[in-house]
Amino acid sequence: MGKGGNEGKEDILLPNVWKNKSMDTVAKSSKLRSETEYMRDLLWKYNQAHREMQFNLQMQVKDSLKRTYGSLDSNINKLDTTHKNAVPVIARLESTKDMLESEKQGKEAELETCRARLDIRSKRPAPELVNDEPHLTLKAEESLLTEAISQLSKGLKDVGDAIDALNKSQEIINADLQDKQKAMELNRKSDEQCPEPALKLPDITKPADSPNLGNVPPSKEEATGSANTLKNVQEWQQSTQANVDKSNRLQKSSIQLCEGCDSMARWLNESAEKAHERVAKASIDRLFELKKMHKVLKEHHNLTLEEISQAEHTHAMVTKALTDLDDPLKITKARQSIHDERPGQELTEDDVQITISKEYGVLQEQHNFLAGKAKSLEAQLQDLYNTRDELAKDIENKEICIDLDAHSYSYPDKTYDPGDPQPFWNAARDNKTALIEKMKQTTELWDYRVFTPLSTTNSLRRSLNGSPNSKSLFSGSTGKRRF
C-alpha cells in the first residue's frame, strides 16, 4: 500500500544535480550570446565594407562611362568625317571613269576613221601605191590611237578597281560607324539606369574597424553579364584607326589617279590633235602635188594630141605626095620603055633619053625619100600614140588618186551643203588660220576633166558634180569635220 502511493510523484533531484543543471543552462546561454555578438559585429563590419566598395565601383563605372563617351565621340567624328570625305572622291572617280570611257569611244571612232582612210588610199592604182607622206602620217596616227586606246583601257581598269576598293572601305567605315553609334546609345542607356549611385553609405554609429576584404576582382560572367569574348581596348582603337587610315590612303591614291588620268587624257588629246594636223597638212600637200602633176600631165597630153594631129596631117600629106608620084613614075617608066623600043641604029643617048632618065631618077628619089619619111612618121606616130596612152593612163590614175585622197581627206563626211564655201575644212576649228588659209587655196584648182580654171568652190562643185567620178569629192552623208 505504501508502494502504490509513490507511483504518481516525480523523482526528487539532489541539490547538486539541480544546481549543475542550472549552471549548464547559464553557460550555454552565455556562449550563445557571445557567438551571436561576435557574428553580429562581423556582419556589421562586412556590410559597411561591402557598401563602401559598391559605392566606389558605381562611381568608377560612371567615370568609365564618361571617358568612354569621349573616346566614342572622337572615333565617331573621325569615322563620319572620313566617310563624308570619301563621297566626293568616289564622285570624282565616277566622273573620271565616264570621261575615260568617252575618250576611249572617241579614240576608237578616230581609229576606225584612220583605218578607213588607209583602206580608201589602198585602192589607188598599183603605179600610185607609194609610201607618201599621207600614208606615213596615217600609219603614225593609227599607232598613236592604238596606244591611246590601250592607255585609256588601263586607266579605266585602275579607276574601276579604285572605285571598288573605296566602296568596300566605305562599307567597312559605315559598319564601324554604326557600331560606334550603337555603342554610344547603349552607354547612354546604361548611364541613364543609374544617374546617382543606387547604394548609399550606411550610417553606422557603432564604431568598428573594417575588415581587410581586399580587392576581389569579379568573374568574367559577373563583369560582362555574358560569356562573349571582349576585345582589348587598344586593339579596338587600333582597328578603327586602321579603317580610317586605309580609307585616307585610298582617297589620296584615288585623287592622284584621277589627276593622272586627266593629265593622260589631255596629253593623248594633244598628241592626237597634232597627228590629225599632220595628216591634214600631208593630205593637202599631196592633193596640191597630185593636182599640179595632173595639170602638167594634162598639158603634155594636150600637146601630145596636138602633135599627133599635126603628125597625122603630115603623114597624110606625105602619103598623098607618094600617091601623087605614082602616075608620074608610071608615065616616065612607060616613056622610057617606049623609047627603048627604037631600032638598034636609033638607040642613041639623045636629049629625050637623057631627060627621061633624069626625070625618072628624080621621081624615084622623091618617092624613096617620101616613103622613108612616111615610115619614120608612122614610127613617130606610134610613139606618140603610146605616149598619149601612157599620159592618159597616168592622168586617169592621178584622177583616181585625187578622188581617193579627197575622199580620204574628207572622210567620214559624205555630202556637203552646196552653199558651204568650205568643202574640206571647218573654218572655226581651233583658229588654225595658216592651215585653213592653205586649205582655202584648194578652191583655186584646175578641174582636171574640163581643164578650165575655177575661181569659186561652187563652180568647182558644179563642174565636178557634172563628172561621173566626182561623187567621192562632194557627195555622201554629212558629219562633223575632223580638220
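## M39 and its surface patch

In this predicted model, the residue M39 is found in helix α1, and M39 counts as partly exposed because its relative accessible area is 44%, a value that lies between the limits of 20% for buried and 50% for exposed. M39 also takes part in a nonpolar surface patch, which is made by Y38, M39, L42 and L43 and covers about 420 Å².

## The chain as a whole

The chain contains 8 helices and 0 strands, and when its elements are read from the N terminus on, they run α-α-α-α-α-α-α-α. Of the 483 residues of the chain, 32% count as buried.

## The second largest cavity

Rolling a probe the size of a water molecule over the atoms shows where empty space is left. A search of the whole structure finds 3 cavities of 30 Å³ or more, and the second largest cavity holds about 60 Å³ of space.

Which residues line this second largest cavity? They are R117, R121, P134, L138, V279, S283, D405, S408 and Y409, and by class the lining is made up of 4 nonpolar, 2 polar and 3 charged residues. At least two residues of the lining are supplied by each of the helices α1 (15-121), α2 (133-192), α4 (233-339) and α5 (351-410), while the largest share, 3 residues, comes from α5. Helix α1, in which M39 is found, is thus also one of the helices that supply residues to the lining of the second largest cavity.

Notes:
Residues are numbered from 1 along each chain as its sequence is written. This is a predicted model: local features need pLDDT of at least 70, side-chain atom pairs count only at pLDDT 80 or more; totals for chains, interfaces and linings use all residues. Side-chain values use heavy atoms; hydrogens and water are left out. On a 1 Å grid over the protein atoms alone, a cavity is a set of points where a 1.4 Å probe fits but cannot get out, and a pocket is an open set with protein on both sides within 12 Å along at least five of seven lines; lining residues have an atom within 4 Å of a point. Grid points are joined across faces, edges and corners, and a volume is the space filled by probe spheres set on the points. Helices (H or I, at least four residues) and strands (E, at least two) are DSSP runs, numbered from the N terminus. Ala, Val, Leu, Ile, Met, Phe, Trp, Tyr, Cys and Pro count as nonpolar, Asp, Glu, Lys and Arg as charged, and the others, Gly among them, as polar. Patches are made of residues with over 30% relative accessible area and no salt bridge: like charges are joined within 9 Å, nonpolar side chains (Val, Leu, Ile, Met, Phe, Trp, Tyr) within 5 Å. Accessible areas come from the Shrake-Rupley method with a 1.4 Å probe; for residues, only the protein chains shown count as cover. A salt bridge is a side-chain nitrogen of Lys or Arg within 4 Å of a carboxyl oxygen of Asp or Glu. Buried means under 20% relative accessible area, exposed over 50%, partly exposed in between (1.4 Å probe, protein chains only).
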